[in-house]
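Please open the structure in a viewer and prepare to select residues step by step. The tour begins with the ligand and then turns to its surroundings.

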Amino acid sequence: MANSVTVQSAAKINLTLDILGRRDDGYHEVEMVMQTVGLYDTVRVEAMGSGIELSMNTGDVPADESNLAYKAAKLFLKEHDIKHGVRIYVEKRIPIAAGLAGGSADAAGMLRAMNTLFYTRMTVADFRRLGAELGSDVPYSIEGGTMLAKGRGEILSRLAEAPPLWVVLAKPPVSVSTAWAYREYDAMSDVRHPDTAAMISAIDRGNGAQVASDIYNVLEHVTKKKHPIIGEYENILRANGAMNAIMSGSGPTIFALAQNENDAKRAADALRCSPVAKGAEIFVVPLTGQHEIVKSDSK
Ligand code: ATP
């Protein structure tokens, strides 16, 4: 057994987010082109005698049994009937409750780290099954890259790698409840849907400008109506170097796509200088975030 394992787990954005209908189990049937970006939480896990201890660099999420990193550790130990305990440290950089699947990234990072720590040789199918027990976005978060997600988000197929664009992530200081956004969506009558096939074709052709023009999120309308600041951020980003900008997940984070790092920085700087962006969390990152095992120590 290794002594400790440290992994980086990336945030995701939805290049497209479509809702195809309601299911009998109450969930929505979705179709989403998912993409990891170069913004990471770091998860470190160390074996110890027994129990699960969790600490984090923030008090904004409880470091207790309700935490997704804790739940992932507990599920993993039960699945493999492991009697050891683990000490976990999560360094959060991904904004919380932002539409960037930060909690899923931590759960995914835990499963990957524990698989390495305990040499359990889990297969992709094992990871997807355990991940789905923790949350709809967790199976995707384990694998990352460019994928099409269907069902609740857990039915995954790998797409060609997205073109090497740059991204501005901007989270305004407002909160959005995912359940609220889906309820509001259900009450809408006239909905424009993304052209998912066109997005996949643009990715296949490596056409960054077309990818940017095809980004679309069906949940944006409801969230933007309640929080017009989302539209204001998008306009500033589009006017200052970004090819296009939309909301990720159920929000409130906006992501903007730019052809290169300079354009992305220019758009981010323009937003930072604007009074509407007071209290915003803003990042400039590459589009293609790669998960990484940073360190595995054995004694
Ligand atoms: P999604 O895009 O999947 O809807 P999100 O980015 O909107 O996710 P998260 O940051 O994953 O939201 O957090 C959603 C909720 O999960 C938070 O309100 C938080 O209390 C809870 N949570 C539990 N564990 C974690 C964790 N390790 N990191 C962040 N949030 C966590």
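Select Ala97 together with the ligand: a polar backbone atom of Ala97 lies 2.8 Å from an oxygen atom of the ligand. Please keep in mind throughout that this is a predicted model. Taken alone, the ligand exposes 610 Å², of which the protein buries 75%.

Next, add Leu100, where a polar backbone atom is 2.9 Å from an oxygen atom of the ligand. Then select Leu68; here a polar backbone atom is 2.9 Å from a nitrogen atom of the ligand.

Now display the whole shell around the ligand. Of its 17 residues, those that come nearest are Ala97, Ala101, Gly103, Asp106 and Asp137. Colouring the shell by class shows 7 nonpolar, 6 polar and 4 charged residues. Which helix gives the largest share of this shell? Select residues 102-117: this is helix α2, and it contributes 3 residues.

The next stop is the space that holds the ligand, for the ligand sits in the largest pocket. This pocket has a volume of about 970 Å³. Its lining comprises 40 residues, and Ala101, Ser104, Asp137, Thr178 and Ser250 are the closest to the pocket centre. To see which elements give two or more residues to the lining, select β1 (4-22), β2 (28-48), α1 (68-79), α2 and α5 (178-186). The largest share of the lining, 4 residues, comes from α2.

Finally, colour the pocket lining by class: 19 residues are nonpolar, 15 are polar and 6 are charged.

Note on methods. Residues are numbered from 1 along each chain as its sequence is written. This is a predicted model: local features need pLDDT of at least 70, side-chain atom pairs count only at pLDDT 80 or more; totals for chains, interfaces and linings use all residues. Side-chain values use heavy atoms; hydrogens and water are left out. A residue is near a molecule or strand if one of its heavy atoms lies within 4 Å of it. A polar contact is a pair of N or O atoms within 3.5 Å; within protein, one must be able to donate a hydrogen and the other to accept it, and residues adjacent in sequence count only if both atoms are side-chain atoms. Accessible areas come from the Shrake-Rupley method with a 1.4 Å probe; for residues, only the protein chains shown count as cover. On a 1 Å grid over the protein atoms alone, a cavity is a set of points where a 1.4 Å probe fits but cannot get out, and a pocket is an open set with protein on both sides within 12 Å along at least five of seven lines; lining residues have an atom within 4 Å of a point. A molecule sits in a cavity or pocket if more than half of its atoms lie within 2 Å of its grid points. Ala, Val, Leu, Ile, Met, Phe, Trp, Tyr, Cys and Pro count as nonpolar, Asp, Glu, Lys and Arg as charged, and the others, Gly among them, as polar. Grid points are joined across faces, edges and corners, and a volume is the space filled by probe spheres set on the points.
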